[in-house]
Amino acid sequence: KLSKRLQLVLEQIPYGSRLADIGSDHALLPVAAVESGRAVAAIAGEVNRGPYEAALRGVAEAGRGNVISVRHGNGLEVVQPGEVDCIAIAGMGGALIASILEDGRRAGKLAGVTTLALQPNVGEDILRRWLLGNGWLLVAEHILEEDGKIYEILTAVPEQQASEATNDSLYAERILEGGQVLCSRDTLLQMGPWLLQAPNSVFMEKWQGEIRKLEGILSSLSRSELEAAELKRVEIKAQIKQIAEVLE
Ligand code: SAM
C-alpha cells in the first residue's frame, strides 16, 4: 500500500499517461500508476545503484516488466525526447528537482510533457520560481502530514495548455474580492498560491512552526550586540511579520 504522500502524487498523474518517475527508488509509484490505469507505460529512473536495483526488483515482483522500464542514469537523461507526457519527481529537495528539470529542459526532454507531479521535501519556493520562469503553471498544490512530517505536492502544466481562467488566479498577485493585494510575490512563491487560497490545518501548522523556529533564532541572536546580529534580527523580524500577516 502506498504512503499517503505517494498516493497523493499518484493522483496527480492523468489517466493513460506515459510516465517517467525520476528518483524512483523501489518503483512504488510507477507500479501503482500502471496498476491503477493512470499510466499505460512507465520509466523508473534511478541514479544510484542500490535504489536502481530496488526498482528492478520492485517491477519484477509486481510482474510489470512488460510496461515499466527501469533505467540507470542521472535525472531526465534516462528519457528520450517525446517518450513521456507526465514526469513525477518526489522525495528530493526543491533545488535538486529544479536542476533536474532545468537539465532536462536544455536537453529537450520536456517537449511534449503535459504534467509535472512534484513533491519537494524542502525548497518549495525554489521549485515554484523555476516553474514560473520556465513557462509552467501551477494548477494544484497539496499539503499533508504523515509520520510527523509535512509534505507539499505541486502539479504543473505548460502555460499554453492552461485556460485563461486558471492563468490569472496565479502567481501574478494574490488578489482578493476587493482587488486588494495581500502578499508579495516572494511570499506567494514561498507559501504557494493555491495553498494560500485555501489554507488547511497542516498549512497553518507548517507556518506557525516556521514562526516558532524564527523566534528561536531571534532569541539566540538577542544576546549578541554585533552589528551583523542586529541586521539579522531586523531581517528575521520582517520574515515573521510577513508570515504572520498572511496567517491572520
Ligand atoms: N521517489 C521516491 C519517493 O518519493 O518515495 C524515492 C525518494 S528517495 C528519498 C530519493 C531518490 O532519488 C533516491 O533513491 C536517489 O537515489 C534518487 N535520486 C537523487 N538524485 C537523483 C538524480 N539526479 N537522478 C535520479 N535519481 C536521483
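This is a short walk through the structure, from its domains to its sheet and its ligand.

The model is predicted: local features need pLDDT of at least 70, side-chain atom pairs count only at pLDDT 80 or more, and totals for chains, interfaces and linings use all residues. Residues are numbered from 1 along each chain as its sequence is written.

Start with the whole protein chain. It is divided into domain 1 (4-165) and domain 2 (201-247); such bounds come from an automatic or database domain assignment. Their centres, taken over C-alpha atoms, are 33 Å apart.

Now look at residues 204-246. An unreviewed UniProt entry lists them as "coiled-coil region". UniProt positions are given in the numbering used here, with feature names shortened, and annotations may be inferred rather than shown by experiment. In the model, the span is 88% helix and 0% strand. Its end C-alpha atoms lie 10 Å apart. Helices (H or I, at least four residues) and strands (E, at least two) are DSSP runs, numbered from the N terminus.

Next comes the sheet. It is open, has 7 strands in the order 3-2-1-4-5-7-6, and its pairing is mixed. Two strands pair if DSSP finds at least two bridges between them. Strand 3 (68-72) and strand 6 (136-146) are the edges, each pairing on one side only. From one strand to the next, the twist averages 15°. Angles run from 0 to 180 degrees between N-to-C directions, and axes are lines fitted to C-alpha atoms, for helices over the stretch in contact.

Follow strand 6 into strand 7 (residues 149-158). The two pair in the antiparallel sense over 10 bridges. They form a hairpin with 2 residues between them. In the turn, Asp 147 has a positive phi of about 50°. Across the pair, His 142 stands opposite Ile 153, and Ala 140 stands opposite Thr 155.

Helices pack on this sheet. Helix 4 touches strand 1 (17-22), strand 4 and strand 5 (115-120), and its direction makes about 150° with that of strand 4. Contact requires C-beta atoms, placed from the backbone, within 7 Å. Helix 5 (residues 124-133) touches strands 5, 6 and 7, and its direction makes about 0° with that of strand 7.

Finally, turn to the ligand. Around it are 17 residues; Gly 23, Asp 25, Pro 51, Ala 90 and Gly 91 come nearest. A residue counts as near if its C-beta atom, placed from the backbone, lies within 6 Å. Strand 2 (39-46), strand 4 (86-92) and helix 4 (94-106) each give two or more residues to this shell. Strand 4 gives the largest share, 3 residues.

Definitions and conventions:
Contact = placed C-beta atoms within 7 Å.
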